[in-house]
Every structure is written in structure tokens, then in C-alpha cells.
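Subject: Structure for your review

Dear colleague,

Please find below the structure I promised to pass on to you. My findings follow it, arranged by region.

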Amino acid sequence: MARTDSVDSIDIIQEDGEPIDIPDSLPLLPVRDVVVFTYMILPLFVGRDKSIRAVDAAMAKDRLLLLSTQSDASVENPEPEDIYGVGTVAMIIRMFKLPDGRVKVLVQGLGKARIKDYAETKPFYRVNIEQILEPEVDKPGVEAEALMRNACDQTEKILDLRGELTGDVSAILRGIEEPGRLADLVASNLKLKVEQAQNLLEINDPIQKLHRVNELLSKELEVSSMQAKIQSDAREEISKTQREYFLREQMRAIHKELGDIDEKAQEVSEYTKKIKKAKMSKEAQKEAFKQLKRLEQMHTDAAEASIVRTYLDWLVEVPWNKTTKEVLNIKSAQQVLDEDHYDLQKVKDRILEYLSVRKLNKQMKGPILCFVGPPGVGKTSLGRSIARAMNRKFFRISLGGIRDEAEIRGHRRTYIGAMPGRIIQGLKQCGTKNPVFMMDEVDKIGADFRGDPSAALLEVLDPEQNVSFSDHYLNIPFDLSKVMFITTANLADPIHPALKDRMEIVELAGYTEEEKLAIATLFLIPRQIKENGITPKHVRIGPSVLRKIISQYTLEAGLRNLEREIGTICRKVARKVAEGEKGSFTITGANLQRYLGVPKYLPELEQESHEIGVATGLAWTQAGGETLYVEASTMKGRGDLILTGQLGEVMQESAKAALTYTRSNAKALGIKNSSFQGIDIHIHVPAGAIPKDGPSAGATMAVAIASALSGRPVDRDIAMTGEITLRGRILPVGGLREKALAALRADVRKIIIPEKNKKDLAEIPPNIKRKIAFLPVSHIDEVLKLVLREKPVRKRARKPR
């Protein structure tokens with residue numbers, strides 16, 4: 001029962017000494033989880049727009065409205081069929097408007113009414129009602145008197161069992177003479193389900209209603225009696241435990257007075273408290289008490305005692321059942337991701353999709369994401385933002401160069417200095433079992449005689465297996481399914497195939513110049529200004545200067561070098577400010593060299609003219625896309641093919657295939673067969689000190705060879721990518737987005753791509769497609785028609801007369 005004090009104001013429903021006249025049409029306020037009875041006074045919090053308008057309409061007229069309960073409390077916007085047809089006419093006694101837009105009203109039930117029809121549905125429900133008048137009982141008969149006494153007696157017993165019975169409550173109960181009113185009072189304070197309370201409200205006969213109330217009171221009395229018995233038994237058990245505790249405390253005090261302090265008993269007691277407080281799994285708790293018993297039997301200074309203590313410390317400090325409360329507000333998470341990172345829409349969408357599913361399915365296992373992209377594109381910082389968006393702890397480890405399986409699984413306790421693996425260590429450091437756990441450089445894991453860490457990660461990163469991850473040190477299954485694992489890599493190819501299969505690969509390509517410009521303006525410059533102790537008033541870097549820094553001082557897919565250059569400018573400005581110079585320092589194209597020195601990267605010479613034997617290719621590296629210039633030259637020799645520039649086996653094979661095709665189709669290409677006799681063909685790919693390999697340079701080499709043999713220059717404004725077969729077919733390649741970015745950085749506006757790569761154009765951002773023309777081809781003949789220009793006409797020198 002609840003709020004027996006709500007009875008002391010039931011006579012408030014009077015106005016100027018006359019009963020209130022209830023109109024036939026009233027605003028309807030649908031309520032959830034409660035049925036309002038006659039004479040009942042209770043506060044209601046109103047938050048729905050329709051409901052607030054209904055309250056305002058009632059306040060504007062006579063303060064009267066109809067309170068009717070929803071059949072399904074989960075329905076946010078109930079239709080007429082979702083609302084019970086019988087409700088209670090109530091008067092609003094007080095109304096308060098809360099700061100969050102909701103309204104708090106104090107209402108009192110006046111009488112029952114049935115909804116005849118809905119007069120209005122917008123902007124709020126207004127209903128035509130028919131009052132339900134209960135038959136009056138002039139003099140309660142013997143049956144009614146017995147029912148009323150029984151109801152009062154049972155109510156008092158229930159309140160007495162709960163310790164809530166007072167003389168005032170008894171006086172109020174005994175003072176009510178109307179059976180229907182007593183039934184409503186008792187029912188309004190019983191903890192009834194909505195269906196039970198509504199059925200009771202719809203009973204019109206006071207005696208029948210009192211019969212039903214007595215049945216409910218009998219059931220409630222049984223439950224309250226059993227509850228009181230359970231509480232009494234629990235108190236007795238607590239009293240027994242407290243007695244034992246006091247005796248132990250007395251014994252401990254006696255030992256202390258005698259100077260006989262039992263340190264071992266104290267240590268065991270502390271460990272016992274910690275084990276119970278840790279809320280670990282049954283298996284872990286069983287092992288912990290087993291080891292604690294062993295420790296209790298050992299000598300304090302025994303060598304093995306310290307090993308057992310360390311093990312117990314790890315067991316009680318690992319977060320077996322501690323989690324941080326997730327924030328599953330999709331809009332808030334999107335705002336956090338947008339604040340921290342520019343663009344990266346594909347990754348953001350994947351995170352928001354996960355949060356959406358997590359919101360709908362609480363038992364969903366954490367995804368295993370792998371961010372693959374060149375250095376400096378924001379893979380690690382993105383993981384940190386994801387943790388912030390989800391209100392989870394963030395932990396990061398680097399797997400680059402690790403070769404020992406024990407780094408992941410931990411060492412066996414038989415070894416001296418044994419410790420858990422880095423997974424368990426990270427969870428202990430976070431103090432929660434559901435952090436965002438980032439593993440950097442997963443593509444750089446090594447392997448030797450000590451094991452293969454990549455194989456050990458298979459269990460960690462498999463949602464079907466990590467529910468019972470077993471660390472060698474703990475030797476107890478630990479549930480990793482709540483952890484959100486994110487891995488990063490520069491390349492997907494070196495990752496163990498089985499490990500790659502367990503992860504969802506998310507590609508993060510490099511940034512365009514416009515994206516770098518926006519990121520520098522929004523993030524990099526404010527951060528460097530703050531880190532170097534100056535203010536935005538001290539330094540101004542305009543967009544044109546940023547473009548110059550991007551194009552002439554950096555050559556990267558990411559942003560690290562760009563931030564370093566901006567940091568260099570801010571440090572030089574900070575020095576001037578520290579030396580006392582005043583004013584704002586504006587960085588311009590004219591004074592940029594004073595801050596950063598001479599430009600580090602200039603346009604390649606090959607771009608300045610159409611040259612014979614020089615073709616522009618596109619390559620994909622760990623740092624993103626790059627332009628690749630393939631040079632071919634002929635000279636007298638024995639028909640050899642010379643390859644320089646540290647070309648790998650794949651590129652060497654591409655060069656041989658390109659030469660074979662050129663020789664076999666010399667006539668069609670306009671090359672004389674005699675051109676191949678007594679000459680060597682030399683192919684060189686600058687820069688010679690950098691190793692190069694890959695399957696996408698075949699078409700570029702074929703163009704360079706054909707140009708060198710035919711004497712026709714290659715169009716410098718067209719770059720190309722694609723592998724070639726002996727029949728001249730152009731095969732598809734990967735990394736098209738990165739290569740397109742490289743072409744854009746090199747100011748190349750046309751790219752020849754394999755026909756089968758047309759599908760990849762959907763992944764290219766629209767702003768890049770507007771600046772670059774993509775030319776799909778399926779055969780090398782199409783490539784040669786596009787890039788080979790006509791032979792230059794040489795003017796003969798006039799002979800002197």
C-alpha cells in the first residue's frame with residue numbers, strides 16, 4: 001500500500017459550499033501505470049504534448065478533466081483504442097511547470113465516468129462522457145458491516161506487519177461509513193496491477209466491490225506475512241553473524257592487549273573481504289578461496305607465499321563484474337565523432353550502426369573492427385573518440401614487433417616473474433570489463449620459437465570464443481565479449497589470414513587537399529596554438545598559405561607532417577612573443593620560407609613537358625598513393641632488357657610482359673621490327689634508392705617502351721594504373737582512391753583505369769570526381785591511343801649558299 005496520508009483532503013471538492021457540476025465534455029488525460037479512484041489524491045508528471053495541452057485546457061476553464069488509464073503503458077502516443085473506456089473525473093488542485101518543459105499536477109478524483117465518444121483528437125483528446133453513479137447504501141446491512149470491518153482489520157494487520165500502522169490511520173479507516181468509499185480508499189493504496197485496478201474501478205455495486213477488495217486484501221496479507229517472516233529470519237541470521245563478529249573482535253582485542261597480533265589471520269581476513277567484494281565468477285571464487293587456504297597454511301616468509309599473494313592480488317583487482325554505463329544516445333555520439341574528426345563518414349556510420357543495434361539489443365556482442373590506412377589519417381584518435389562517444393574507458397596497446405605469445409596469453413605461474421598477458425593487464429588498468437580496447441600495428445606482429453602472437457589473438461578477437469578467454473597466468477575463463485576491440489594496420493595483406501577473417505576491415509584512405517585544409521583550420525592550428533602557449537591573436541595562417549604548406553612542405557596521405565610544420569610556425573611565433581615582440585604575426589606566401597625554410601617538395605621535371613619514353617604511373621604505398629614515373633630508353637646493344645630502380649619480382653615480370661606484347665604487336669603499334677635488332681632497352685623507375693614492387697605498373701611500362709621505340713611523346717597530363725597481360729588486356733588493381741589522391745596532389749587531371757575498376761568509382765568522393773576525369777580501358781591499344789602524341793616535326797636547317 002502507498003500514501004495512506006492521501007485521505008485527509010477528500011472533502012476539498014466543494015466550491016462555495018455547493019457540489020461541483022461536472023460537464024458532459026471534458027479534456028482527456030491518458031495516464032500510465034496507475035488507475036485513479038474516486039477521492040484519491042496523487043501527483044502526476046505530464047510530459048507529452050497532447051497531455052500538456054489537455055491540462056492547459058482544463059486550467060483555462062473549470063480545472064476538470066478525465067483521467068483514463070492506457071491498456072499498454074509502453075505506447076508513447078496512444079490512440080483511442082489504447083485507452084480504457086472507464087475513467088475518473090478529477091480536479092486539478094495545483095499545477096507547477098518544471099524547467100524541463102514537463103508539468104506537475106496534483107489531482108483529486110471526483111467520480112467515475114464512461115467515455116461515450118471522442119469529440120476532438122487534436123490538439124488534445126476531448127471526450128463526451130457519461131457519469132457513473134454508484135447506488136447509495138443508506139444503512140449498511142449485516143453483510144456490508146462485516147465486509148467493512150474485515151477490510152479495516154486486514155488493512156490494519158498489513159500496515160502493522162510493515163510497521164506503518166498509526167492511530168490516525170485507524171481512525172480514518174474506522175470513520176468511513178460508505179462501503180464504496182472505503183473500497184476505493186483501500187484499493188487506491190493497494191499495490192495492484194493495472195488490469196486488476198481497472199476491473200475494480202469498473203465494478204459499480206459497492207458491496208460487490210468490497211467483496212473484491214477483501215479478496216485482494218487476503219492475498220496481500222498472506223504475501224506481507226511471508227515477507228515479514230523472511231525479514232525476521234534474516235534479522236535473526238544477521239544477529240547471529242553480528243554476535244560472532246563481536247566475539248571475534250573481542251578475541252582480536254584480547255590478542256592485541258597481550259601483544260599477540262596474528263598478522264596472518266589479519267591478511268587472510270582482508271583477502272576474504274576482497275574476494276567477496278570482487279563479485280567474481282563461481283569458478284574464479286572457488287580458485288581464489290583454494291589459493292587463500294594454501295596461503296593460510298604456509299609460513300609467512302615462504303618463497304611460494306609471495307607468488308600466491310601476487311596471484312590473489314590479480315584475481316581481486318581484475319574487473320570481473322564492473323562495467324561503465326554506456327551512452328546510447330545516437331545523436332550525442334554523432335556530435336562527439338563530428339567534433340573530433342572531419343569526414344570519415346563511412347567509419348562514423350559503422351559506429352553509429354553499432355550503437356543503434358546495441359540500443360535495441362542489449363545482449364549484442366562487441367564488434368571487432370580493423371582500421372586499415374596510411375600513417376597519420378587518425379586511426380588511433382578515432383578509437384579514442386569512439387570511447388568518448390560511448391562513455392567507455394579507452395585502453396591502447398601496440399603490437400608492433402612483439403614475438404612472444406605470452407604477451408597476449410600471459411605466462412604460466414610456474415615461471416619466476418610470471419604475469420598476465422597484456423589483455424588482462426589492460427582490463428585491470430581500466431577497472432572495467434567493457435572498455436574500448438585498441439590494438440595498434442596488428443600488421444607488424446612477428447613470430448619466432450616463443451610462439452605466434454597472431455594465433456593467440458584468434459581467441460581474443462573471436463566473438464564466439466572470447467566469452468571464455470583463458471589467460472595462462474589466471475588459468476580461469478574470463479569474459480571478453482563486452483569489450484569493444486579495435487585494431488589498426490597500415491596494410492591488410494601482412495595480417496594473418498585467419499585473424500583477418502575475424503575482423504571487419506574498415507578502409508581509411510588519405511585526405512584530399514581540401515580535406516587537409518579543413519582539418520588544419522578546424523583542428524590542427526587551434527591545437528598547436530594551445531600547445532605552444534600562444535593565442536589566435538598572435539598568429540594568422542590563411543588558406544592560401546596552408547595550401548602552399550600542404551603542397552610544397554608535405555607529401556603524405558595523412559596529417560602528421562602537416563601538423564609538424566604548423567607546430568614549427570607556432571614555436572617560432574611563441575619565441576617572438578616570449579622575447580617581447582608585440583603584434584599579430586601573419587604568415588604569408590612571401591614570408592613562409594622564414595618560418596619553414598625552402599620548400600621540400602617541388603613538381604617533378606617530367607610534368608613540365610611531353611617527353612618520349614616517360615610515362616606517369618600511379619602506385620600505392622603504406623603512406624598512401626604516389627605518382628610513379630617510368631622511364632624507358634633505347635641504345636645500341638644485344639637486345640637485352642635492363643631494369644633499374646630496385647624493382648621487385650612482380651614489377652620485373654610486368655616489364656617483361658610489356659616488352660613481349662610490344663614486340664609481338666610492333667606492326668600494329670607502328671614500330672619497325674628492325675627497331676628491336678641490335679638495341680638494349682633500359683627501364684628505370686626513380687627514385688633508385690627506394691624498393692618498389694606491385695602488380696599495377698604493367699600498362700605504364702608498356703606505354704614507356706612503345707613511346708621510346710616509336711619516338712612518340714607521352715601526354716604528361718594523363719596518369720595510368722593497371723596490369724598488362726601478354727594479350728594486351730588491362731587487369732584491375734587496388735587502391736584506386738589513394739591513387740586518385742596522389743594524382744590530385746601531382747596536379748594530374750586525367751587517370752586511365754582498368755574497365756573492371758569502374759565499380760570502385762563509387763568509393764571516390766564526389767569532390768575528387770569533379771576534378772579528375774577517369775578513363776576506363778580494357779586493352780593496351782586504348783591506352784596507347786589516349787596517351788601517345790604525334791611525333792614532333794623537325795625543321796630541316798637550310799644549307800648556306
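How many bridges pair strand 4 with strand 5, and in which sense, parallel or antiparallel? In this predicted model, strand 4 and strand 5 (residues 103–120) are joined by 11 bridges, and the pairing is antiparallel. One of the bridged pairs consists of M95 and, in strand 5, V105. The two strands form a hairpin with 5 residues between them, and there G101 adopts a positive phi near 95°.

Strand 4 (residues 86–97) also pairs with strand 3 (residues 64–69), again in the antiparallel sense, through 4 bridges. Here L67 is found opposite T88 of strand 4.

A second region of interest is an open sheet of 5 strands, whose pairing is parallel and whose order is 8-9-12-7-13. Its edges are formed by strand 8 (394–398) and strand 13 (504–507), each of which pairs on one side only. From one strand to the next, the twist averages 20°. Within this sheet, strand 9 (residues 436–440) and strand 12 (residues 484–489) run parallel and are connected by 4 bridges. F437 has F485 in strand 12 as its bridge partner. You may wish to bear in mind when viewing the sheet that side chains in a regular strand alternate between the two faces.

A helix is associated with the sheet as well. Helix 14 (residues 422–430) lies across strand 8 and strand 9, and its direction makes an angle of about 150° with strand 8.

The remaining finding concerns a pair of helices. Two packed helices are described by the distance between their axes and by the angle between those axes. For helix 2 (residues 142–162) and helix 4 (residues 179–188), the axes come within 10 Å and cross at roughly 20°. Angles under 35 degrees count as roughly parallel, and helix 2 and helix 4 are therefore roughly parallel to each other. Their crossing is left-handed.

Which residues make the contact between helix 2 and helix 4? On the helix 2 side they are M148, A151, C152 and T155, and these meet P179, L182 and V186 of helix 4. By class, the residues of this contact comprise 6 nonpolar and 1 polar, with no charged residue.

I would be glad to discuss any of these points with you.

With kind regards

Key:
Residues numbered from 1 in each chain as written. Predicted model: local features only at pLDDT ≥ 70, side-chain atom pairs only at ≥ 80, totals over all residues. Heavy atoms only, no water. Pairing = 2+ DSSP bridges. Axes fitted to C-alpha atoms, helices over the stretch in contact; angles between N-to-C directions. Contact = heavy atoms within 4.5 Å. Parallel < 35°, antiparallel > 145°, perpendicular 65-115°, else oblique. Left-handed = near helix turned anticlockwise from the far one by under 90°. Nonpolar A, V, L, I, M, F, W, Y, C, P; charged D, E, K, R; others polar.
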